[in-house]
Amino acid sequence: MMRLPWFDYRAPRSVEEAAKILAWEGNGAMLIAGGTDLLPNMKRRHQMPQTLVSVRQVEALKKIANGSGLRLGAGLTLTELLAVRGLRERYRALAQAAAQVATPQLRNMGTLGGNLCLDTRCTYYNQNYEWRKAIDFCMKKDGEVCWVATASKRCLAVSSTDTAPALIALGARVKLVSAAGEREIALAELYQNDGIDYLKRKPDEILTEVLLPQPDGWRSSYWKLRRRGSFDFPLLGVAAAAKLAADGTVEAARLVLGAVSSHPLVIKSDALAGRKLTDDVIAEIGEAAQSRAKPMDNTDMDLRWRKHVVADFVGYALRELRGDDMSAMRLRIAKQLV
Amino acid sequence: MSAPQKRLEVVGRSRRRVDARAKVLGQLRFADDLVLPRMLHAKLLRSPHPHAVIESLDASRARSHPGVHLVLTGRDFPVPFGIMPVSQDEYPLAPERVRYVGDPVAAVIARDEQTAGEALELIEVKYRALPTIATPEEALAHPETRIHDYGEQGNIHRNQAYEFGDVEDALANADHVFEDLFFYEGNTHLPMEQQASLAAIDGEGKLLLSSSTQNPHYLHRQLAQVLQIPAAQIRVIACPNGGGFGGKCDPGGHEFVVCKAALLLGRPVKIGLTRQEVFYVHRGRHPVLMKLRTGVSRDGRLTAMHLQTLLDGGAYGSHGPASTFYTGVLTPVTYELPRFKFEACRVFTNKPACGPKRGHGTPQPRFGQEVQLDKIAEKLRLDPAKLRLNMVTKPGSLTASWLRVGTTGLAECIRKAVEISGWKAKHRKLPPGRGVGIACSTYMCGAGVSIYWNKMPHSGVQLLVDRSGQVTVFCGSTEIGQGSDDVLAAIVAEVLGVDTGVVRCVTGDTGLTPVDLGSYSSRVTIMMGNAAMQAAERMREQIAGSVCETLGTTPERVAFSQGRVFAAEDPGKGMSFAEAVAITEAKLGTLSTVGSYTPPKPPGKYKGGGVGPSPAYSFSACVVAVEVDEKTGWIHVPKIWIAHDIGRAINPVLARGQVIGGVYMGLGEALMEEQVFRRLPPKLSAALVHRIPSMLDYKSLTALDMPEVEVALIEDPDPNCPFGAKEVGQGPLLPVMPAVANAIYDAVGVRIDELPITPDKVLAALELKAQGKTPRIGPARFPEVPYPKPMFVLPPWEGGDGNESKMPRPLGVAAS
């Protein structure tokens, strides 16, 4: 089997202790929660931290607090997240996204914070060391060129988190804690469009909490495109959230695409405000989203086709928001109701 | 076989398979579960180049790395191997030349896997890159870049042509001639168990290899050849395989490496391949380009077919010579086909070697033929099910190519599949976006000839019973998850009238068991089963002859049932099976019988006529329902119905599991599985790599993607088979892919003439349809292949005798 490289292992009991270790160890340390992303990557020699700082035993990261909105500890496993009372009713897109991450076994290990910090993915990168050696490596690790587009100055690896688009659409903020202090930022601000430096988290910062506003009349929906009903990372994620007036007029809306860029792609959806979600309006927004999406040939399935179906998937999400019964379509696409 | 008529008590009843308990409890020991004291670990260094000469290899740093015991290179293995005698083209470690990314060049044996892995990085290999061949078209266009020095010419490994009756003449006289091109992408077996092997030297100094192999006997022979030690000094144990599907039929380089290392070090040496290495070892489905020209009469009967295939063989021979034959030879078995011409060519490319995968060479032409039949039915305005039903081959008939069909339940399969799927109410009658498709297939129940030429039995069974009442059955057959041990126990138990619980199976061990050729070509149930039946019947005769006096009856009237032996006319007068054995043992001494099986001689006597004949053929018919989204091309398969002519199901629950497993694999091949490769921009890199050698990125169906499968087992016992039981391991996969393609046509009116069928291809075809163009996605051209002059054989109904004969008209002159 593939073996892990050697590393030191630390298991702090508190966020403060974990932050201190990170500050002390500097760039040689990495946080590990469920390990479902990091450990396979370490086996393929993508990351070779000298020290792993496990946050699995930090109880504070498992906290769930209702108040003005919902505070979710970043250490909740995705399975635990799905068991949060009222999640599906109040923050449906998040529940739909979390339920479609990987497989049940991986959701039992993988955490919310881990999914938000998920390494970007690329078929030239998510390979073991020997395979990457056979292509003389790539810019994301050990090499110079981006094989996806050899003229590209930046790495084009794909943001593949399901929960981030959903949470951005829901207006989530996240808390980052380091030995030097803490800050709270909008989740969208955590990301930048670069396959290598895809997170604006500083190496010594710990993502501790996700903060969701009160639903306050907002509805949401998440649709995921992937080859199979389980296991696969998204080829496209569509998260839509809207606040609708009693007559169906959109008061405010947010639309976010996943897996078509190196960061979750926020689509300008001002055009929706003051209008009803008619078929025409939905088609218009779908086309706008489609023109923004830039899928590359570095994940599964044909890239032209992946771009082509963006408008359709935006349509599914918006029709679900409108109140259409999308369960038959959901079953065909997702192979399950979520 | 003369089993006295009695009600079957074991055969035909659904039972928990004999190895189920150990599997469920985790007690079964796969090769990778084995641990021995003082065991060392091996890891292989594999080539990062697709095609290169090894200029130098310096392992000195690796040898002095702490914890390293041995480094092996190509120099340690002067003798090549190859599963087929005509293709001895592979070395355990490449000595001079590497031919694909992943070709092994050196091995490190160290105290643990981690250390071995570290030391691999210390081996310095200098390569000189050679031009690469990525496709059959390139292989044909660049004969000067030879991947091997042997073969027919250039990069052509095998090239063959047969003509059974004058096909051009028949096509010229046909009412319609349909010409179609199809492409079937390669894919891999994806067994759950990655290959593992443990070699050790036993107390007597003999070599013992425990390995994930489907064919311990062939491996045994190859080990003797490569290691140059007598076969009697080697024992191979085939551990229960966690799935094989053909991927563990070839000997693997890693198996020779651990044996050599154990011999040199005198310590046990183990290796476990990574999943990526399993993708490199491969031996999976050949990518095949096909051209079919088929003559059809006005009323929908085939008059002739000219089939051409071009196989992408990858870097080595493997089973290639057989694979090449199999892209044609079973084609005439399903439907009456008066004349048949078949040309096949396998080329080498710089990719992992292709070989046998479930269905071995036959899914590809079956896909082409069954999709073409759908087109024929549409053109002639016939129901595709009825078209097929009207021309199924007759029981006991010969094909144009001299294969003996034997029993056939194909007509019944078609009728049943049509009935349970509600075909008549659905085909061409469902709303747009929904459709059903039908397809049929056949498969052999064991290859009629062995991989190496010999006159010995294909399977041997030894049976031991003693006064305890236990029955021990020894056979070289190999349990790869398909249930061969269960079949073995069931057949013996049925004949001796005992429960399978008293039968102990000792299988797949060349040191203990009689030779069986292995778990391939769907041969186990019929060949091992017939041998087991013979051994068990001989045992029953001995017992009957010994106890009849006590029972006051004649030997023929002694009955064996439910663990008792009694007089048939007076069931109260009897004894337990153990008591009967004790009486027999007292009379005859220690009790053991043997049985063996050799397939009948094939009727075709022409050279090459040995590939295709089988003692029996299974048949299947499948209906697939699809829903296609016309806006996105998204394909959803809600249900599959399949009828399989199994002759008789030994253990119906196991047989159904096999059918559903075959459908599962077939649906994966239809919709997503593909072993594909990628080149980088040639100005920047000469790389030629497997795109996705991982279980996550190589897509096969998950449980959620699997539709409901309704299975009908058609049981019409075949006299050549034990209790009439035919194969079920491979056949049910075969009709699934064309049935999916045909269903998609029924749903949205587009033809996808290549596999896998993906949403982007469907959408592209729908766009063509919207533009008024031919709504088809598939290969556009068939390259010029220098096929040889065909061997001409007259069909049985044209006065042939099964030998090669003269063509009735001069070659090269087209019939008028």
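I began from the definition of the elements themselves: helices (H or I, at least four residues) and strands (E, at least two) are DSSP runs, numbered from the N terminus. With that settled, I could place S269(A) in the loop between β12 (265-267) and α10 of chain A. The model is a predicted one, and I read every value below as computed from it.

**Entry 1: S269(A)**

I asked whether S269(A) is buried or exposed. Residues with 20 or more other C-beta atoms within 10 Å count as buried, and S269(A), having 22 such neighbours inside 10 Å, therefore counts as buried. I then listed the contacts of S269(A), leaving aside its neighbours within four places in sequence, and found A253(A), R254(A), L255(A) and I285(A). I also looked up R121(A), which lies 148 residues from S269(A) along the chain, and noted that the two C-alpha atoms are separated by 27 Å.

**Entry 2: α10 and α12 of chain A**

I285(A), one of the contacts of S269(A), led me to helix α10 (residues 279-292) of chain A, whose axis comes within 8 Å of that of helix α12 (residues 310-322) of chain A, the two crossing at roughly 135 degrees. That angle makes α10(A) oblique to α12(A), and I recorded the crossing as right-handed. On the α10(A) side the contact is made by I282(A), I285(A), G286(A), E287(A), A289(A) and Q290(A), and on the α12(A) side by V310(A), A311(A), V314(A), G315(A), L318(A) and R319(A). Sorting the residues of this contact by class, I have seven nonpolar, three polar and two charged.

**Entry 3: where chain A touches chain B**

I next turned to the two chains together and noted that 30 residues of chain A are in contact with 35 residues of chain B. Which helices of chain A each supply at least two residues of the side that touches chain B? They are α8 (129-134), α11 (303-308) and α13 (327-334), and the largest share, four residues, comes from α8(A). By class, I entered twelve nonpolar, seven polar and eleven charged residues for this side of chain A.

**Entry 4: α14 and α15 of chain B**

In chain B I looked up the packing of helix α14 (residues 484-496) against helix α15 (residues 524-551), and found an angle of about 30 degrees with the axes 9 Å apart. Angles under 35 degrees count as roughly parallel, which is why I describe α14(B) as roughly parallel to α15(B). The crossing of α14(B) past α15(B) is right-handed. From α14(B) the contact residues are S484(B), V487(B), L488(B), I491(B), V492(B), V495(B) and L496(B), while those from α15(B) include A532(B), M533(B), A536(B) and R540(B). The contact as a whole has twelve nonpolar, three polar and two charged residues.

**Entry 5: α12 and α18 of chain B**

I compared helix α12 (residues 410-421) of chain B with its expected span: its twelve residues should cover 16 Å at 1.5 Å a residue, and the end C-alpha atoms are indeed 16 Å apart. The buried residues of α12(B), among them L410(B), I414(B), A417(B) and V418(B), pack against α11, α13 (423-426), β16 (434-444), β24 (617-628), β25 (635-645) and β28 (708-714) of chain B. After α12(B) comes G422(B), with a positive phi near 65 degrees.

Helix α18 (residues 736-748) of chain B has 13 residues and reaches 18 Å from first C-alpha to last, close to the 18 Å expected. I found 13 of its 13 residues buried, so α18(B) is largely enclosed by the rest of the structure. This helix is followed by G749(B), whose phi is also positive, near 70 degrees.

**Entry 6: backbone exceptions in chain B**

Most residues other than glycine have a negative phi, and most peptide bonds are trans. I therefore noted R381(B), a residue other than glycine with a positive phi near 55 degrees, in the loop between α10 (363-379) and α11 (384-389) of chain B; with 7 C-beta neighbours inside 10 Å, R381(B) counts as exposed. Q562(B) has a positive phi near 50 degrees, sits in the loop between β20 (558-561) and β21 (564-567) of chain B, and with 12 C-beta neighbours inside 10 Å counts as exposed. Finally, I entered the peptide bond from L755(B) to P756(B) as cis, its omega being near -5 degrees, and located P756(B) in the loop between β30 (754-755) and α19 (759-770) of chain B.

How values were computed. Residues numbered from 1 in each chain as written. Chains lettered and ligands numbered in written order. Predicted model: local features only at pLDDT ≥ 70, side-chain atom pairs only at ≥ 80, totals over all residues. Expected span 1.5 Å × (residues − 1). Axes fitted to C-alpha atoms, helices over the stretch in contact; angles between N-to-C directions. Parallel < 35°, antiparallel > 145°, perpendicular 65-115°, else oblique. Left-handed = near helix turned anticlockwise from the far one by under 90°. Contact = placed C-beta atoms within 7 Å. Nonpolar A, V, L, I, M, F, W, Y, C, P; charged D, E, K, R; others polar.
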